[in-house]
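Colleague: I have not looked at this one before. Can you put it up so we can go through it?

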Amino acid sequence: MANNVWATSFAGTEIARRKAWGGRDDLRVEYDTASPTSMCNIGQHDLEPILRPPASATERASGSAPNCSN
């Protein structure tokens, strides 16, 4: 995980790109030692289906939440 990329969609225009923390192999041991858990990289296309149902339920319960439209 060397870069964070912001884009309008997976095939859309790239808005920004920055070096991500954890992208340097020479610091891997330091990161592993300092963290209580291992690093994990999960793409938005995998994470969003996990987060969407609870976010949608919150919206229904409270009447307001971040936009969870399809």
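Colleague: How many residues of S2 are buried?

Modeller: Zero. S2 has six residues and is hardly covered. Keep in mind that this is a predicted model.

Colleague: And in the chain as a whole, what share counts as buried?

Modeller: The figure is 7% of the 70 residues. The accessible surface of the chain is about 6,100 Å², and carbon and sulfur atoms account for 55% of that surface.

Colleague: Back to S2. Which strand does S2 pair with, and in what sense?

Modeller: S2 pairs with S1, which covers residues 3-7, and the sense is antiparallel. There are five bridges between them. One bridge partner pair is Trp6 with Ala16, the latter in S2.

Colleague: What joins S1 to S2?

Modeller: A hairpin, running through six residues.

Colleague: What else is in the chain, and in what order?

Modeller: Two helices go with the two strands. Along the sequence the pattern is β-β-α-α.

Colleague: Different topic: which elements have the lowest and highest mean pLDDT?

Modeller: Helix H2, residues 44-62, has the lowest of the elements at 83. Strand S2, residues 14-19, has the highest at 89.

Colleague: What about the mean over the chain?

Modeller: The chain mean is 79, with 79% of residues at 70 or more. Where pLDDT is low, the coordinates should not be read in detail.

Colleague: Last one. Of contacts between residues at least 6 apart in sequence, what share joins residues at least 24 apart?

Modeller: That share is 6% in this chain.

Notes: Residues numbered from 1 in each chain as written. Predicted model: local features only at pLDDT ≥ 70, side-chain atom pairs only at ≥ 80, totals over all residues. Heavy atoms only, no water. pLDDT = per-residue confidence, 0-100. Helix = DSSP H or I, 4+ residues; strand = E, 2+ residues; numbered from the N terminus. Buried < 20%, exposed > 50% of the residue type's maximum accessible area, 1.4 Å probe, protein only. Pairing = 2+ DSSP bridges. Contact = heavy atoms within 4.5 Å. Areas by Shrake-Rupley, 256 points an atom, 1.4 Å probe, with all protein chains shown as cover.
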